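This report describes side-chain contacts, exposure and backbone features in one protein chain. The sequence and structure come first.

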Amino acid sequence: MSAHTANQNNSSDPATAPTSADSVAAASVPAPASPAASARRARPIFQMRDIVLMVTLAVVFGFLYWVLVQAWNVLTIAMGPAGDLSQHLLFGGWLIVAPIALAIIRRPGVGIIAEMVAAAIEVFFLGSPIGPTLLIAAFLQGFGSEAAFAITRYRRFTWGVYAVSGLLGAAIVFFYSAFRSGWFGQDIFWLRFAIQCGSGVILGGLLAKVIVDALVRTGVLNNYAIVREAAV
């Protein structure tokens with residue numbers, strides 16, 4: 001019997017020939033997940049070291065945010081008649097903990113939580129003059145900063161994504177601040193908006209990327225998602 005005949009016989013054997021049901025089943029089998037995706041699914045939402053790092057960052061930046069308030073007061077005096085715009089120039093500095101925490105831990109909600117804990121440190125331990133309403137602003141800042149990373153499903157951490165993170169964080173909370181401070185209708189309303197957004201991109205986005213890259217080079221983040229997922 002020739003090989004060609006044997007092949008014909010095998011394909012006609014009902015026990016071995018593929019059926020349409022087999023074809024459907026094979027088509028419905030999902031493609032193997034990438035190693036990086038498998039690594040992300042394999043670990044819980046938060047590990048203990050993630051929580052410790054997130055809280056540590058929030059406490060450190062809560063103190064730095066308070067220092068920034070003091071710099072804001074000095075800059076307001078130094079700018080004279082234009083001193084009212086000083087808060088917008090520095091505003092991006094109050095956004096920076098969210099992208100840093102997100103880039104390192106890479107889990108949903110990290111940016112919002114880090115901003116709110118930092119604000120709580122300012123309000124309850126450092127006596128921020130703004131009071132508990134600062135927590136509302138912190139939520140909006142964290143939400144805006146995190147939105148850019150959430151859109152990429154926490155998989156892209158490029159310069160562009162950092163910049164958009166700072167832009168959204170500054171823009172969203174601006175309208176809340178405008179409502180509270182009565183800026184609507186002012187001639188300089190959009191000037192305020194433009195300065196605050198620019199500060200958000202530079203201080204709350206790009207500077208965060210510089211800090212994260214510097215921390216990675218030191219090796220202190222080797223046990224966190226930012227290094228593990230890059231190595232997979």
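Trp-190 is exposed, its relative accessible area being 54%. The model in which this value was computed is a predicted one. The residue before it in the text of this report's aromatic section, Phe-189, is buried at 6% relative accessibility.

## Aromatic pairs

The count of aromatic pairs is 16. For Phe-189 and Trp-190, the ring centres lie 4.9 Å apart and the planes stand at 90°; the pair is therefore edge-to-face, since planes over 60 degrees apart fall in that class. Both rings belong to a cluster that ring pairs build from Phe-174, Phe-175, Trp-183, Phe-184, Phe-189, Trp-190 and Phe-193.

## Salt bridges

How many salt bridges does a search of the whole structure find? The search finds two.

One of them joins the side chains of Asp-84 and Arg-192, with an N to O distance of 2.2 Å. The partners are 108 residues apart and link distant parts of the chain: Arg-192 belongs to helix α10 (residues 189-218), and Asp-84 to the loop between α4 and α5 (86-90). Asp-84 is partly exposed at 40% relative accessibility, whereas Arg-192 is buried at 2%.

Lys-209 and Asp-213 also meet through their side chains in a salt bridge, at 3.5 Å from N to O. Both residues lie in helix α10, where a spacing of four residues puts them about one turn of the helix apart. Lys-209 has a relative accessible area of 12% and is therefore buried, because the limit for that class is under 20%. Asp-213, at 25%, counts as partly exposed.

| Salt bridge | N to O distance |
|---|---|
| Asp-84 and Arg-192 | 2.2 Å |
| Lys-209 and Asp-213 | 3.5 Å |

## Charges over rings

Lys-209 has a further contact to report: its charged end sits over the ring of Trp-159, 5.6 Å from the ring centre. The charged end of Arg-106 is placed over the ring of Phe-157, and here the distance to the centre is 3.9 Å.

## Positive phi values

Which phi value does Arg-106 have, although it is not a glycine? Its phi is positive, at about 60°. Arg-106 is located in the loop between α6 (97-105) and α7 (110-125). With a relative accessible area of 14%, Arg-106 is buried.

Arg-153 is another non-glycine residue with a positive phi, near 60°. The loop that holds Arg-153 runs between α8 (134-151) and α9 (159-181). Is Arg-153 buried or exposed? Arg-153 is exposed, with 57% relative accessible area. The two arginines thus fall on opposite sides of the classification: Arg-106 is buried, while Arg-153 is exposed.

## Nonpolar surface patch

Met-48, Ile-51, Val-52, Val-55 and Val-59 make a nonpolar patch of about 420 Å² on the surface. Val-52, one of these residues, is placed in helix α4 (residues 48-78). The relative accessible area of Val-52 is 47%, so the residue counts as partly exposed; the exposed class would need over 50%.

How values were computed: Residues are numbered from 1 along each chain as its sequence is written. This is a predicted model: local features need pLDDT of at least 70, side-chain atom pairs count only at pLDDT 80 or more; totals for chains, interfaces and linings use all residues. Side-chain values use heavy atoms; hydrogens and water are left out. Patches are made of residues with over 30% relative accessible area and no salt bridge: like charges are joined within 9 Å, nonpolar side chains (Val, Leu, Ile, Met, Phe, Trp, Tyr) within 5 Å. Accessible areas come from the Shrake-Rupley method with a 1.4 Å probe; for residues, only the protein chains shown count as cover. A salt bridge is a side-chain nitrogen of Lys or Arg within 4 Å of a carboxyl oxygen of Asp or Glu. Helices (H or I, at least four residues) and strands (E, at least two) are DSSP runs, numbered from the N terminus. Buried means under 20% relative accessible area, exposed over 50%, partly exposed in between (1.4 Å probe, protein chains only). Rings of Phe, Tyr and Trp (its six-membered ring) pair if their centres lie within 6.5 Å; planes under 30 degrees apart count as stacked, over 60 as edge-to-face and the rest as tilted. A charge sits over a ring if NZ of Lys or CZ of Arg is within 6 Å of the ring centre and within 35 degrees of the ring normal.
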